[in-house]
Amino acid sequence: MEALIYGYLRDDLADGQSEELEDAMSSLAREEGLCFAATFHESTGGDGTALAELTRELKRADAHHVVVPSLDHFAGQTIPRDILLAKLAQDAAARIWTIES
């Protein structure tokens, strides 16, 4: 059984390309032998609601992989990016993947 991977996308940073970015995240998952489950969209300027939902889902599904277009999608939150990444690692043992080269 393939491990699950979830996407996380800040719509305010997607510049109208949410669908293309989601396709790229799904492709990366497939290339890495992971099962792309869903994308959590943060739509309110990085208020953290979708990130909290993602963390809950990672725990519920016992999943440990998250893909983002770039680490910038964790920036601009009320909590600094490095703390968010550490929290995902601590709370859900999550490995972060990016579609950036």
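## Strands, a helix and two cores

Tyr6 of β1 stands opposite Val66 in β3. That pairing is a good place to enter this structure, which is a predicted model.

Begin with the strands. β1 and β3 run parallel, paired over two bridges. Tyr6 also has a bridge partner in β2, namely Ala38. One place further along, Gly7 stands opposite Thr39 in β2. Together, β1 and β2 pair over seven bridges, again in the parallel sense. To get from β1 to β2 the chain passes through helix α1, residues 18–31, and this β-α-β crossover is right-handed. Is β1 enclosed or open? Six of its seven residues are buried, so β1 is largely enclosed by the rest of the structure.

Now turn to α2. Its 13 residues should span 18 Å at 1.5 Å a residue, and the C-alpha atoms at its ends are indeed 18 Å apart, so expectation and model agree. Which residues of α2 are buried? They are Ala50, Leu51, Leu54, Thr55, Glu57 and Leu58. These residues cover an arc of only 165 degrees around the axis, which puts them on the same side of α2. The spacing follows a general rule. An α-helix has 3.6 residues a turn, so residues three or four places apart point the same way. On the face turned away from the buried side sit the exposed residues Arg56 and Arg60. The buried residues of α2 pack against β1, β2, β3 and α3. Just past the end of α2, Asp62 takes a positive phi of about 50 degrees.

The packing leads to the cores. The largest nonpolar core has 15 residues. Those with the most contacts inside this core are Tyr8, Leu51, Leu54, Leu58, Val66 and Phe74. Four elements give two or more residues to this core: β1 (4–10), α2 (49–61), β3 (65–68) and α3 (81–92). Which element gives the most? α2 does, with four residues. Val66, the residue opposite Tyr6, is thus met again among the core residues with the most contacts. A second, separate core holds 10 residues, including Leu21, Ala29, Val67 and Trp97.

Leu21 is a way into that second core. Leu21 lies in helix α1. With 17% relative accessibility, it counts as buried, because the cut-off for buried is under 20%. Beyond its neighbours up to four places away in sequence, Leu21 touches Leu9, Ala14, Pro69 and Ile99. Leu21 can also be placed relative to Gly7, the β1 residue that stands opposite Thr39. Leu21 and Gly7 are 14 residues apart in sequence, and their C-alpha atoms are 9.7 Å apart in space.

Last, look at the loop between β3 and α3, where Ser70 lies. Is Ser70 buried or exposed? Its relative accessibility is 8%, so Ser70 counts as buried. What does Ser70 contact, once neighbours within four places in sequence are left aside? Its contacts are Thr98 and Glu100.

Conventions
Residues are numbered from 1 along each chain as its sequence is written. This is a predicted model: local features need pLDDT of at least 70, side-chain atom pairs count only at pLDDT 80 or more; totals for chains, interfaces and linings use all residues. Side-chain values use heavy atoms; hydrogens and water are left out. A nonpolar core is a set of buried Ala, Val, Leu, Ile, Met, Phe, Trp, Tyr and Cys residues joined through side-chain atoms within 4.5 Å. Buried means under 20% relative accessible area, exposed over 50%, partly exposed in between (1.4 Å probe, protein chains only). The expected span of a helix is 1.5 Å times one less than its number of residues. The arc is that of the directions from the helix axis to the C-beta atoms. Contact means heavy atoms within 4.5 Å. Two strands pair if DSSP finds at least two bridges between them. A crossover is right-handed if, with the strands pointing away from the viewer, the path from the first strand over the helix to the second runs clockwise.
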